[in-house]
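Colleague: I am new to reading protein models, and I would like to go through this one with you step by step. Could you show it to me and explain the terms as we go?

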Amino acid sequence: MEIRPAGSTPSQPAPSEYFTGTVWQDPICDPSETRALISLMVTFTPGSRTHWHTHPLGQTLLVVSGCGLIQCRGGLAQTIRAGDRVWIPPGEEHWHGAGPDTLMRHIAMQEVEDGVGAHWLEPVSEADYGPRDF
């Protein structure tokens with residue numbers, strides 16, 4: 001058993017090649033510990049978001065604070081709020097992030113396949129993100 005005291009693992013900026021805006025990640029667990037599961041607490045500043053991406057084995061998001069957006073390719077962006085749980089099936093192209101004027105924090109959980117937890121695609125355009133009415 002290993003207890004990691006709160007604050008003992010530094011927050012990390014999310015890689016700019018996969019995110020638009022300022023996004024912070026706090027690791028919860030990784031495959032070196034679990035052999036299969038990646039889990040992160042992700043904090044999106046207003047207007048920040050992931051790029052389009054997929055997960056080979058799907059992804060579950062649990063929104064823990066704030067208000068954000070999620071969209072599947074070809075669908076409409078939907079509002080997500082604290083307490084919402086989202087399941088994204090394997091291979092579904094999607095993005096998620098904060099609202100234009102709000103922070104959003106979620107726990108992201110996905111399994112890895114052949115060492116890969118996500119396949120990253122292009123940035124989300126301003127037209128896809130667009131102004132939304134919350």
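Modeller: Let us begin with accessibility, for which a residue is called buried under 20% relative accessible area, exposed over 50%, and partly exposed in between, using a 1.4 Å probe and protein chains only. This is a predicted model, in which local features need pLDDT of at least 70 and side-chain atom pairs count only at pLDDT 80 or more, while totals for chains, interfaces and linings use all residues. Residues are numbered from 1 along each chain as its sequence is written, and side-chain values use heavy atoms, with hydrogens and water left out.

Colleague: Is Glu122 buried, partly exposed or exposed?

Modeller: The relative accessibility of Glu122 is 36%, and the range for the middle class lies between the two cut-offs of 20% and 50%. Glu122 therefore counts as partly exposed.

Colleague: Which residues are linked with Glu122 in a network of salt bridges?

Modeller: A salt bridge is a side-chain nitrogen of Lys or Arg within 4 Å of a carboxyl oxygen of Asp or Glu. Glu122 forms one with Arg73, where the closest N and O atoms are 2.8 Å apart, and Arg73 forms another with Glu93, with the closest N and O atoms 2.6 Å apart. The residues linked with Glu122 in the network are thus Arg73 and Glu93.

Colleague: How many residues apart in sequence are the parts that Arg73 and Glu93 tie together?

Modeller: Strands (E, at least two residues) and helices (H or I, at least four) are DSSP runs, numbered from the N terminus. Arg73 lies in the loop between β7 (59–72) and β8 (78–81), whereas Glu93 lies in the loop between β9 (85–88) and β10 (94–98). The pair therefore ties together parts that are 20 residues apart.

Colleague: Over the ring of which residue does the charged end of Arg73 sit?

Modeller: A charge sits over a ring if NZ of Lys or CZ of Arg is within 6 Å of the ring centre and within 35 degrees of the ring normal. The charged end of Arg73 is 4.1 Å from the centre of such a ring, and Arg73 itself is partly exposed, with a relative accessible area of 38%. The ring belongs to Trp52.

Colleague: Why is strand β4 described as largely enclosed by the rest of the structure?

Modeller: Strand β4 covers residues 37–44, and two strands pair if DSSP finds at least two bridges between them. Strand β3 (residues 23–29) pairs with β4 in the antiparallel sense over 6 bridges, and β4 also runs antiparallel to strand β11 (residues 104–111), with 8 bridges joining them. The description itself rests on burial, because the buried residues of β4 number 6 of the 8.

Colleague: What is the bridge partner of Val42 in β11?

Modeller: Val42 in β4 is the bridge partner of Gln25. In β11, the partner of Val42 is His106.

Colleague: Are the rings of Phe19 and Phe44 stacked, tilted or edge-to-face?

Modeller: Rings of Phe, Tyr and Trp (its six-membered ring) pair if their centres lie within 6.5 Å, and planes under 30 degrees apart count as stacked, over 60 as edge-to-face and the rest as tilted. The structure holds 4 aromatic pairs. In one of them, the centres of Phe19 and Phe44 are 6.3 Å apart and the planes stand at 45°, so the pair is tilted.
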